[in-house]
Amino acid sequence: MESHHLCFLFIFGSILHLSLGVLPTNFLEGVHKKFEFKYSFKPPFVVNSKGEIPFWSHGGDALPTENQIRVCPSIQDRRGWVWTKNIFEHQFWMFDVSFSIFGKHSYGADGMAFWFTAQKGIEGPMFGNTETYDGLSVVIDTFDNNAKGDSPKIAVFINNGTLYYDHSSDGHRQDVASCVREVRNKKHPTHMKVVFYGNTLEVWIHEGASKLLDDYDLCIKLDRIVTIPTKGYFGISAATGGLSDDHDVTSFVTHSLIPKEEQREKMIEKMDQLKAAELEKEYQQLSTKFETKREQHTKDQQAEIMDWQRTIELEENIRQIHNTQGSLSRDVRGLNSKMDHLLRSIEGNVGGGGVSDNTVLAAEGRLSHQLTELKSQLDRSVSGSTGGKPVSEQMQPVYALQENINHLIRIVNKLQEEIQKSNGNRCPDVTTPTSCLSTGFFVFVILLQSIGAVVFLVYKYNQERNAKKFF
């Protein structure tokens, strides 16, 4: 009978161990776990070359090293703390912490606490942190203040910032749940996993004796937790009193818990963001190309407008030159007519002795001088290139030539008037044909006509050559 009873106890204990000793896989079924490195640390890189914990701050008597953080040393009345620098913005989370508590005495003091609060902690009397916090604390109390034999105790406290911790009773009536586990002076570090998902909070303990990594015991389970902040800071603190222990933390690994549907939506959102970023990049590239082409098109259009303006200006220059050529041609023809008339007048008056030799010589000198000036003006007006000068500057030699021709016409008119005034008598009528023209004057007339013809031919040739330069 006794053997049956022992067998029943063994089977019941095995079933109980199987039911509580392994972290159930169905609890987080359908949940995506994401490692959050900014809210974690583990050896051998607990600290950097400056002796700081990346993304964490520490203070009080906390001493971080490469392999662990001694939150509070085994010295009486000491406090230490470690807090994340950045706020944790995920609503659901899980952290797995590895810690050790050692002491020389049979009783320990005071204990260690793990926090998730809306604000960063401030050093205070509740295991090294302030009592009026807003959030969640998982406390490992190693000193039995109420002498009920429930130490070391793992307890969960929830505060909205208005409650004060009752040290005399170890917060007996303030905790929402608790369990007793022997976590002090263990040969191996103790692992604790705290999971908050949905409205459920669970605390699992692995005392380190088992070699199985998932050999956790369920210590605390709370349903319908609604007062935990949706965003907050993770923290660790410890304190000693009249008795003292070393409080060491080896690792603190945090994961955010995201439902698969939410994860799928986030992945879709991320893909949309990446696609939008690619589209934005492509848009920027196309905009750059468009701006480049538009600038080039504007430059080409401006060049075409300038070419068109130069063409119009060239046509206007050619038109003015042709008009001026016509005017010059008329003036030269008028000059020839005047010279013919002058020659006829001279022929009619020389024989009668009405014109003196001095008058003829003066007229010859003035005409020779004016014809020389006329030839010089013709050469200057048609021999030079435009050189990109304005139309007014280009036409100055032509205008000067025209003015010189007009002046020559006025001189011829004046000479004709002088001849007419000098003697109104014509050559006497003779019965025998005699010549009224001397040999010297005849040579002068021939020379004058030759010079006029040469000037006209030179002018005509140069005008035709200059017109060809525009094409």
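**Figure 1. The largest nonpolar core, with Phe99 and Phe114 as its best-connected members.** In this predicted model, the largest nonpolar core takes in 51 residues. Phe99 and Phe114 have the most contacts inside this core. Strand E6 supplies the largest share of the core, namely six residues. Set apart from this core is another one, made up of 11 residues. Trp83, Ala113, Met126 and Tyr133 are among the members of that other core.

**Figure 2. A look around phenylalanine 114 and the residues it touches.** Leave out the neighbours within four places in sequence, and phenylalanine 114 still has plenty to show. Its contacts include Phe95, Val97 and Phe99. Leu136, Ser137, Val138 and Ile140 are also in contact with phenylalanine 114. Further along the chain, the list goes on with Met192, Gly235, Ile236 and Phe252.

**Figure 3. Tryptophan 93 and phenylalanine 116, one of the aromatic pairs.** The whole structure holds 21 aromatic pairs. In this one, the rings of tryptophan 93 and phenylalanine 116 sit 5.0 Å apart, centre to centre, with 40 degrees between their planes, and the pair is tilted. It links distant parts of the chain: tryptophan 93 belongs to strand E6 (residues 93–102) and phenylalanine 116 to strand E7 (residues 111–117), 23 residues apart. Are these two rings buried or exposed? Tryptophan 93 is buried, because its relative accessible area is 0%. Phenylalanine 116 has a relative accessible area of 1%, so it counts as buried too, the cut-off being under 20%.

**Figure 4. Phenylalanine 95 and phenylalanine 114, another tilted pair.** Here the ring centres are 6.4 Å apart and the planes meet at 40 degrees, so the pair of phenylalanine 95 and phenylalanine 114 is tilted. Phenylalanine 95 lies in strand E6 and phenylalanine 114 in strand E7, so the pair ties together parts that are 19 residues apart in sequence. Both phenylalanine 95 and phenylalanine 114 are buried.

**Figure 5. Lysine 42 over the face of phenylalanine 35.** This view swaps ring pairs for a charge over a ring. Lysine 42 lies 5.7 Å from the centre of the phenylalanine 35 ring.

**Figure 6. The disulfide of cysteine 179 and cysteine 219.** How many disulfides does a search of the whole structure find? It finds one. A disulfide is a covalent bond between the sulfur atoms of two cysteines. In the model, the sulfur atoms of cysteine 179 and cysteine 219 are 1.3 Å apart. The link is left-handed, with -60 degrees about the S-S bond. Cysteine 179 sits in strand E10 (residues 177–180) and cysteine 219 in strand E13 (residues 217–223), so to speak two distant parts of the chain, 40 residues apart. Both of these cysteines are buried.

**Figure 7. Aspartate 175, in the loop between strands E9 and E10.** Strand E9 covers 153–160, and aspartate 175 is found in the loop that runs between it and E10. Aspartate 175 counts as buried because its relative accessible area, 17%, falls under the 20% cut-off. Beyond residues up to four places away in sequence, aspartate 175 touches Lys153, Ala155, Val156 and Phe157.

**Figure 8. The whole protein, for orientation.** The protein has six helices and 15 strands. Of its 471 residues, 39% count as buried. Among contacts with a separation of 6 or more, 71% come from residues 24 or more positions apart. The accessible surface comes to about 27500 Å², with 55% of it belonging to carbon and sulfur atoms.

Note on methods
Residues are numbered from 1 along each chain as its sequence is written. This is a predicted model: local features need pLDDT of at least 70, side-chain atom pairs count only at pLDDT 80 or more; totals for chains, interfaces and linings use all residues. Side-chain values use heavy atoms; hydrogens and water are left out. Rings of Phe, Tyr and Trp (its six-membered ring) pair if their centres lie within 6.5 Å; planes under 30 degrees apart count as stacked, over 60 as edge-to-face and the rest as tilted. Helices (H or I, at least four residues) and strands (E, at least two) are DSSP runs, numbered from the N terminus. Buried means under 20% relative accessible area, exposed over 50%, partly exposed in between (1.4 Å probe, protein chains only). A charge sits over a ring if NZ of Lys or CZ of Arg is within 6 Å of the ring centre and within 35 degrees of the ring normal. A nonpolar core is a set of buried Ala, Val, Leu, Ile, Met, Phe, Trp, Tyr and Cys residues joined through side-chain atoms within 4.5 Å. Contact means heavy atoms within 4.5 Å. Accessible areas come from the Shrake-Rupley method with a 1.4 Å probe; for residues, only the protein chains shown count as cover. A disulfide is a pair of cysteine sulfur atoms within 2.5 Å.
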